[in-house]
Amino acid sequence: MLPIHRFSMVQPQLYWPGITSNMHSTVSWRPMSGKDVSAVMLIADEIHPGLPERASVFAERVDLFPEGCLVLATGDDVYGYIISHPIQRRCPPALDTLLAEIPRAADQYYIHDLAILPSCQGHGFAADGIKKVLGVARSYRSTCLISVYGTFSFWRRFGFERGTDDAGMSAKLDGYGKDATYLERHNVTEGASC
Ligand SMILES: CC(C)(COP(=O)(O)OP(=O)(O)OC[C@H]1O[C@@H](n2cnc3c(N)ncnc32)[C@H](O)[C@@H]1OP(=O)(O)O)[C@@H](O)C(=O)NCCC(=O)NCCS
């Protein structure tokens, strides 16, 4: 196995080995820390070569909303990540943008990014991670995301449907590539404050 270690000097484009079946039992989601950002960046650069974001974008989101930022890991070895946080409804940030703060008027939860290395795909890890962040999202009436790479049918499994795509939203989606689609789900929760 050659995972993405937070101190690794491995060049990610060279080789992504698989992990053995018994190792899958040791891999799980845990909170992301600032120390994980370099490993997360290696995965992001590999999975999203056409949608680059600076390390400072990841680091800022961990600082601003740590409960929404997770890594799929065993110890310091990182295999995937999720970045999520509250936003003002229908105002997802443009790609590679610093937020400065979580808006006080935030009234919607947003899943910014989910990526899992090929060696760990197909084992239910994404479903586990999405359930965790949807648990964090429960105090908001809805959760949204921008689906890329034709993943609408994947997100639909978790209750997401196409949201209204007006001119403002279309302009925002442009930065995420031609197949980008704005999706929303109603959070099944009682007593949502927003
Ligand atoms: C999409 C991605 C996160 C899925 O991760 P994963 O760990 O393989 O997903 P899971 O194993 O939890 O799959 C859950 C279910 O979704 C299905 N699924 C997985 N990827 C899918 C896809 N691209 N389209 C449709 N269904 C998909 C699985 O078959 C599984 O179905 P099952 O429960 O009936 O067996 C992963 O493939 C990935 O990181 N892709 C590249 C980045 C990406 O596309 N991110 C999302 C962009 S918005």
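User: What makes up the order of elements from the N terminus on?

Analyst: The elements of the chain run β-α-β-α-α-β-β-β-α-β-α-β-α-β from the N terminus on, with six helices and eight strands. Helices (H or I, at least four residues) and strands (E, at least two) are DSSP runs, numbered from the N terminus. This is a predicted model, where local features need pLDDT of at least 70, side-chain atom pairs count only at pLDDT 80 or more, and totals for chains, interfaces and linings use all residues. Residues are numbered from 1 along each chain as its sequence is written.

User: Why is strand S6 called mostly covered?

Analyst: Happy to explain! A residue is buried if 20 or more other C-beta atoms lie within 10 Å of its own, exposed if 12 or fewer, and partly exposed in between, with C-beta atoms placed from the backbone. Five of the six residues in S6 (142-147) are buried, so the strand is called mostly covered.

User: How do you know that S6 pairs with S5 and with S8?

Analyst: Two strands pair if DSSP finds at least two bridges between them. Three bridges join S5 to S6, which run parallel, so this counts as a pair. S6 and S8 (residues 181-186) have six bridges in the antiparallel sense, so they pair too. Ile111 stands opposite Leu145 in S6, and Ser147 stands opposite Thr181 in S8.

User: What makes the ligand shell mainly nonpolar, polar or charged?

Analyst: Ala, Val, Leu, Ile, Met, Phe, Trp, Tyr, Cys and Pro count as nonpolar, Asp, Glu, Lys and Arg as charged, and the others, Gly among them, as polar. The shell divides into ten nonpolar, seven polar and one charged.
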